[in-house]
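Me: I'd like to go through this model with you, one question at a time. Could you walk me through your reasoning as we go?

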Amino acid sequence: MVTIRIDETGSPGRIAPEIYGHFSEHLGRCIYEGIFVKPDSGIPNVNGMRADVVEALKEIRVPVLRWPGGCFADEYHWKDGIGPAENRKRMVNTHWGGLVEDNSFGTHEYFELCRQLGCKTYINGNVGSGTVQEMSEWVEYMTFDGVSPMALLREANGRKEPWTVDYFGVGNENWGCGGNMTPAYYANLYRQYQTYIRRYHNASPIRKICGGPNGDDRKWTKKVLKTCFAHPHPEDAHGYMDGLSLHYYVHPGGWQNRGSATVFTEEEWYTTLEKALYMEDLIRLHGDIMDRYDPEKKIGLIVDEWGTWYEVEPGTNPGFLYQQNTMRDALVAAVTLNIFNNHCDRVKMACIAQMVNVLQAVLLTEGEKMIKTPTWHVFHMYRDHQGAQALPVQAEGVGTVGGGQIPAVQVSASRMESGEITVTAANLSMTESQTVRLTLTSGKPERVSGTLLAGEAHAHNTFDAPETVREQALAAAPDGEGVEFVLPPCSVASVRLS
């Protein structure tokens, strides 16, 4: 039996809702067909946004949405995506599948999507092929309230009031597709570009995100922080940044052998989860470096690209990165979100890649049809962690699975303002059930409710069978001292204690 003791007396901090963020790039069918459709498509929509997709995303309380990329961000010129749709510049998306990009989804459409979702905004600016002037004018176009060239241009395009930009990323993966820069070169560019992400009169603060490392690249983190984490003003505790990004993808067989999303062995199951658990090592590795400059943890680690990356589904465009989503992906999501919850003192935002039809998507669409993936259900089950106070957990009797150091059960917990406690637990074993007992260090739970997501490891939802994997009630009840329940093989549970 696995015993989980939840410490109600202390907390590493508040779980920022933005940890449950999402990423939408102009890639494959993420934006077009997935989120945004033409008026004559026959698919119900509101101002071009698919009604079914928006409703499903509202159910998981999407807190923030990153756009327009990704690699696409550093070849995106925002003025191509404003004005009458028929006049917008067409281009070839050279990064992703050679798709002709007609720029019908641009700045105005993005803010309309965020309005419908009720989420915060996270814009990624173009450093790789753009200019300081271009980035500065985009910020002016979006946020200036008054008379200025860009504000007047915005008004001419149908929007008088400015929008709120909550986060602004200065470039994307500038160590790779964003310009193949050295850390020292990017760091100096970052200092220059971020200067012109101005907070205009009456505008809300814009939190600036500095381009961080790929995986475990400590050299990048050290050199960028050395140059960028300075204090231009004594009262400015954040220096030149509010966050440092981190990108990490799980490739079961490595970049050259990513494997199938639906056909995998038991060994590949455990390899995938072992790589997902590596996220905790990355947070500690880069967190230790950040602590030298920011011991009070005022700068957030922003994991704005994470998730599984397999070979594309047979018969689909290799550049569209369309993959299925099984219980294996549900476990990766559960494990990763538990890690973020437990390290909420440093991780302040994260964005799964990507929202619809790309990589570890929460939703898949096919014409007028839409399905919720196992990953969507994990986000749904974890939604009450958003904004709650994380609670430390102590686990006893947790064995290992997969012949290595993979824990059989992995957990996180939090307390909402109402006082109710949410515990999320994942069984990482592909074949064995786990009996779990929850106890509180002070007090005893009087009421318990819970949901369970379980299924055979390869189980996934299809357009013909959209509910093969779905949530069900968890059999659990208080017994005077704690709560006991069974986690089937490869399952995720969310338990509410009050």
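Me: Thanks for taking a look! At what angle do α5 and helix α6 pack?

Reply: Happy to help, and please keep in mind that this is a predicted model. Helix α6 spans residues 218-228, and its axis and that of α5 are 9 Å apart. The crossing of the two helices is right-handed. Their packing angle is about 35°.

Me: How do the residues of the contact of α5 with α6 divide into nonpolar, polar and charged?

Reply: On the α5 side, the contact includes Pro-183, Tyr-186 and Asn-188. From α6 come Trp-220, Lys-223, Val-224, Thr-227 and Cys-228. The division is 7 nonpolar, 2 polar and 2 charged.

Me: Cys-228 belongs to that contact. Is Cys-228 buried or exposed?

Reply: The cut-off for buried is under 20% relative accessible area. Cys-228 has a relative accessibility of 0%, so Cys-228 counts as buried.

Me: Why is the sulfur of Cys-228 not in a bond with the closest cysteine sulfur?

Reply: A disulfide needs two cysteine sulfur atoms within 2.5 Å. The closest cysteine sulfur to that of Cys-228 belongs to Cys-210, and it is too far for a bond because the distance is 4.3 Å.

Me: Which residues does a disulfide join, then?

Reply: The structure holds 1 disulfide. One partner sits in the loop between β5 (64-67) and β6 (91-93), the other in the loop between β9 (167-170) and α5 (183-195), so the pair links distant parts of the chain, 106 residues apart. With an S to S distance of 2.2 Å, the bond joins Cys-71 to Cys-177.

Me: What is the handedness of the disulfide of Cys-71 and Cys-177?

Reply: The torsion about the S-S bond gives the answer here. For Cys-71 and Cys-177 that torsion is about -90°, so the disulfide is left-handed.

Me: Is Cys-177 buried, exposed or partly exposed?

Reply: Its partner, Cys-71, is buried, with a relative accessible area of 10%. Between the 20% and 50% cut-offs a residue is called partly exposed. Cys-177 has 26% relative accessibility, so Cys-177 counts as partly exposed.

Me: Which cysteine has the sulfur nearest to that of Cys-114?

Reply: Cys-114 is buried, at 3% relative accessibility. Cys-114 is in no disulfide, and the nearest cysteine sulfur is 3.8 Å away. That sulfur is in Cys-119.

Me: Let's turn to the strands. Which are the edge strands of the open sheet of 5 strands?

Reply: The sheet has mixed pairing and the order β17-β1-β22-β26-β25. An edge strand here pairs on one side only. The two that do so are β17 (393-396) and β25 (477-478).

Me: Which residue of β26 stands opposite Ala-477?

Reply: β25 pairs with strand β26 (residues 483-487) in the antiparallel sense, over 2 bridges. In that pairing, the residue opposite Ala-477 is Glu-484.

Me: Which residue in the turn of the β14 and β15 hairpin has a positive phi?

Reply: Strand β14 (residues 363-366) and strand β15 (residues 369-372) are antiparallel, over 4 bridges. Glu-366 has Lys-369 as its bridge partner. The hairpin has 2 residues between its strands, and the one with a positive phi, about 60°, is Gly-367.

Me: Last one: is Gln-360 buried or exposed?

Reply: Gln-360 lies in the loop between β13 (347-353) and β14. Beyond its neighbours within four places in sequence, Gln-360 is in contact with residues including Trp-306, Asn-325, Ile-352 and Thr-375. Its relative accessibility is 0%, so Gln-360 counts as buried.

Notes: Residues are numbered from 1 along each chain as its sequence is written. This is a predicted model: local features need pLDDT of at least 70, side-chain atom pairs count only at pLDDT 80 or more; totals for chains, interfaces and linings use all residues. Side-chain values use heavy atoms; hydrogens and water are left out. Two strands pair if DSSP finds at least two bridges between them. Buried means under 20% relative accessible area, exposed over 50%, partly exposed in between (1.4 Å probe, protein chains only). Axes are lines fitted to C-alpha atoms, for helices over the stretch in contact, and angles run from 0 to 180 degrees between N-to-C directions. A crossing is left-handed if the near helix is turned anticlockwise from the far one by less than a right angle, and right-handed if clockwise. Contact means heavy atoms within 4.5 Å. Ala, Val, Leu, Ile, Met, Phe, Trp, Tyr, Cys and Pro count as nonpolar, Asp, Glu, Lys and Arg as charged, and the others, Gly among them, as polar.
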